[in-house]
Amino acid sequence: MPRLMAGQFCLCGDVGWGIDGGVGEDDRERLFRIRQQASLLFPRFTTIIAQPGLSIGSASDEQLRLIAGAASYVQTVTKGGFEVYGSD
């Protein structure tokens, strides 16, 4: 991925344009292809929960069932990942 300079933004990983740089013919074709493919792309979600008061080593069965239920629901709805962070 190219390094972006001040005044630039990035679209689809490797395409960057400056505000005053303009868009060339190749860039227009690339944007047109991205626009055509946009409806086929699916966003990916990762849900992260931070519970500093939860001791991972001594979590109760009730706490684990609650986390498992939340993970199941989130994964069913978003088709994404689910992570829980607690204290040691």
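## Briefing: a β-β-α-β-α-β chain

Over residues 12–20, pLDDT (the predictor's confidence in each residue, from 0 to 100) stays under 50, and for this stretch the model has 22 contacts beyond four places in sequence; a contact here means heavy atoms within 4.5 Å. This is a predicted model, in which local features need pLDDT of at least 70 and side-chain atom pairs count only at pLDDT 80 or more, while totals for chains, interfaces and linings use all residues. Residues are numbered from 1 along each chain as its sequence is written, and side-chain values use heavy atoms, with hydrogens and water left out.

**Confidence**

- The mean pLDDT of the protein chain is 77, and 72% of the residues score at least 70.
- Strand β1 (residues 8–11) has the lowest confidence, with a mean of 46, whereas helix α2 (residues 61–78) has the highest, at 93.
- Residues 4–10 also keep a pLDDT under 50, and the model gives them 15 contacts beyond four places in sequence.

**Overall make-up**

- Two helices and four strands make up the elements of the protein chain, in the order β-β-α-β-α-β from the N terminus on. Helices (H or I, at least four residues) and strands (E, at least two) are DSSP runs, numbered from the N terminus.
- Of the 88 residues in the protein chain, 11% are buried; buried means under 20% relative accessible area, exposed over 50%, and partly exposed in between (1.4 Å probe, protein chains only).
- About 7300 Å² of the protein chain is exposed, with carbon and sulfur atoms supplying 57% of it. Accessible areas come from the Shrake-Rupley method with a 1.4 Å probe, and for residues, only the protein chains shown count as cover.
- Taking contacts between residues at least 6 apart in sequence, 45% join residues at least 24 apart.

**The β3 and β4 pair**

- Seven bridges in the parallel sense pair strand β3 (residues 46–55) with strand β4 (residues 81–87); pairing requires that DSSP finds at least two bridges between two strands.
- The route from β3 to β4 goes through α2, and this β-α-β crossover is right-handed: with the strands pointing away from the viewer, the path from the first strand over the helix to the second runs clockwise.
- S55 stands opposite S87 in β4.

**T46 and Q51, two places to look in β3**

- T46 belongs to strand β3, and its bridge partner in β4 is G81.
- Leaving aside residues up to four places away in sequence, T46 touches G81 and E83.
- T46 and T78 are 32 residues apart along the chain, with 8.4 Å between their C-alpha atoms.
- T46 is partly exposed, because its relative accessible area is 48%.
- Q51 is also placed in strand β3; with a relative accessible area of 40%, Q51 is partly exposed.
- Y85, G86 and S87 are touched by Q51, again not counting residues up to four places away in sequence.
- The C-alpha atoms of Q51 and G86 lie 4.8 Å apart, although 35 residues separate the two in sequence.

**Helix α2 and K79**

- The 18 residues of α2 should span 26 Å at 1.5 Å a residue, and the end C-alpha atoms are 25 Å apart, so the two values agree. The expected span is 1.5 Å times one less than the number of residues in the helix.
- After α2 comes K79, which lies in the loop between α2 and β4.
- K79 is not a glycine, yet its phi is positive, about 55°. Most residues other than glycine have a negative phi.
- K79 counts as exposed because its relative accessible area is 69%.
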